[in-house]
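I opened my notebook to record a few lookups in a new model. Here is what I had on screen.

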Amino acid sequence: MSLTPFDFTVTHTEGRARRGRMRTAHGEVETPAFMPVGTQGAVKGVTHRDLESLGAEILLSNTYHLYLRPGDDLIARRGGLHRFIGWAKPILTDSGGYQVFSLAARRTIDEQGAHFRSHLDGSAHSLTPEKAADIQAQLGSDIAMVLDECLAHPADLDAAGQSMARTLRWARRGRDRFLALRDGLAPGVAISNPGQAQFGIVQGSVFPSLREESARQTVEIGFDAYAIGGLSVGEPAEVMYEMVSRTTPGLPADRPRYLMGTGTPGDLVESVARGVDLFDCVLPTRNARNGQLFTSEGRINIRNARYAEDDRPPDPVCKCYTCATCSRAYLRHLHMANEINSSTLNTLHNLNFYLDTLRRIRDAIAFGRFESFRLAFHQSLSRQPHDS
Ligand SMILES: [Zn+2]
C-alpha cells in the first residue's frame, strides 16, 4: 500500500478566511489558489511557459474530453497526463460528470451511472463512479474528483434530496474504487500517479439542510479533501454565498475546500471570506477570447468603439505583459480583425488578474488585513468606467 503525499497546512486565518499550503505528488500550492482550466490538456490561447510566468501553481483538466480524445489509455501509455502535456506541477482532474450532463448527446442517468453518446462521433459510453476513478487513475492527476450527479437549477426540495442521496451512494462507490486502485486491486487499470488524492463533493442544491446533511455524510465516507459542487449554475450570488456559508463549517478544518466552477473575482473574495481555499473557472479564459477584460476598475469590453483610439493599457495598475506592451486601441484592433494574438494577449491579462487577486488575498490574510482588502476590492470594482 502506498501512502499519498497529499497534505494541507493552514498557516494563517482571519475570521473564516484561511491561508495555507497544499502538498501534492507534484509539488506544493499556496492557497487560496485559482486553477486555470486546461480542458484539452492546454489552457486555450497560452502556453505552459506563459502559465508558469504568471505564477500558476496548479491546472485543472477535463476528464470527459481527454477520455473521448485522445483517450486515457493512450495518455497512460505516454506515462500519464503530466508527461503527455509537459506540465510538471500539480493537476486536478474533474470527474467528467459535469460535461456528460452539459455536453453529451442522448444522455440517460440511472443508479449505475450516466449513459451517453460522444458529442464528437456519437459513440456510446457509460460513466460510472468506478469508471470515473479508473479514467483519472490512468490520467494520473494529483487530485481526482469523485463522480457526482449534477442537478439542473432550479430543482425542488424533493428532487434535490433524491439527487443528493444518489451522489452519496456514488461517492461511496467512487471512494471504494479509488482505494482498490491505490491498493493494487484493480488489474487492467494503469496507475499513472501512485500519489493521487481524491476529493469528495458536497451537493444539495440551494437547500441549507441538504447542504449540511451532504457535508456530514460525505465527510463520514472520508476523502482526502472536499469540494462544494452544484453552485454557480444560475442561482443569485447571495444564494451561492449562503450555501457556501452553510457548508464550510461542516468540512474538516485541516483539509482544503474547493468551490467548483466559480466565479467572478468578487465571488472569489466572498468565498475566501467564507472559508474556501481552491477555485476554478472558465470566466477569465473564455471571456478573454470574447474580448472581455477583468480590470481593477471593473470589466471592460475591448470591442467597444470607445477604445478605438484609447492609448491606455487595459488596466493601469496591472503588471502583465499585455498591459506593459499593448494599448486598448491595439487590443481592440486585434479583436475586431479576429487575430489569434487577441486571444493570447487577452488571456494573459485576465489570468494575471485572477492569479494576482489570489496572491493579494493570500498576502492580506497573512498580514491580518483581509477584511480591509475585501472592502477596498469591492469599492474599487464598483468604480467607473466599466461597460460589460
Ligand atoms: Zn494586464
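My entries cover the ground rules, a metal site, some strands and two pockets.

**Ground rules.** I am working with a predicted model, where local features need pLDDT of at least 70, side-chain atom pairs count only at pLDDT 80 or more, and totals for chains, interfaces and linings use all residues. Residues are numbered from 1 along each chain as its sequence is written, and side-chain values use heavy atoms, with hydrogens and water left out.

**Zinc.** Which atoms hold the zinc ion? I found Cys318 (SG), Cys320 (SG), Cys323 (SG) and His349 (ND1) as its protein donors, 2.1 to 2.3 Å away. Donors here are N, O and S atoms within 2.8 Å of the metal (3.2 Å for Na, K and Ca); water is not among the atoms, so sites may look incomplete. Along the chain I read their spacing as C-x1-C-x2-C-x25-H. The arrangement is tetrahedral because the angles between the four donor atoms run from 99 to 117°; four donors earn that word if all angles lie between 85 and 135 degrees. For my own reference, the ideal value for four tetrahedral donors is 109.5 degrees. I also noted that cysteine 318 is at 15% relative accessibility and therefore counts as buried, as does cysteine 320 at 4%. Buried means under 20% relative accessible area, with a 1.4 Å probe and protein chains only.

**Strands.** Strands are DSSP E runs of at least two residues, and helices are H or I runs of at least four, numbered from the N terminus. Strand S8 (residues 114-117) pairs antiparallel with S7 (residues 105-109) over three bridges, and with S9 (residues 124-127) over four. Pairing takes at least two DSSP bridges. Isoleucine 109 sits opposite alanine 114, while arginine 117 has alanine 124 as its bridge partner. The S7 to S8 hairpin runs through four residues. The one between S8 and S9 has six, and there glycine 122 takes a positive phi near 80°.

**Pockets.** A pocket is an open set of points on a 1 Å grid over the protein atoms alone, where a 1.4 Å probe fits, with protein on both sides within 12 Å along at least five of seven lines; lining residues have an atom within 4 Å of a point. The largest has a volume of about 1,100 Å³, counted as the space filled by probe spheres set on the points. Among its 46 lining residues, Tyr98, Gln99, Ser102, Gly261 and Val282 are closest to the centre. The second largest holds about 260 Å³. Helix H14 (340-366) is one of its contributors, and gives the most to that lining, with six residues.

How values were computed:
Tetrahedral: all angles 85-135°; square planar, octahedral: opposite > 155°, others 65-115°. Buried < 20%, exposed > 50% of the residue type's maximum accessible area, 1.4 Å probe, protein only.
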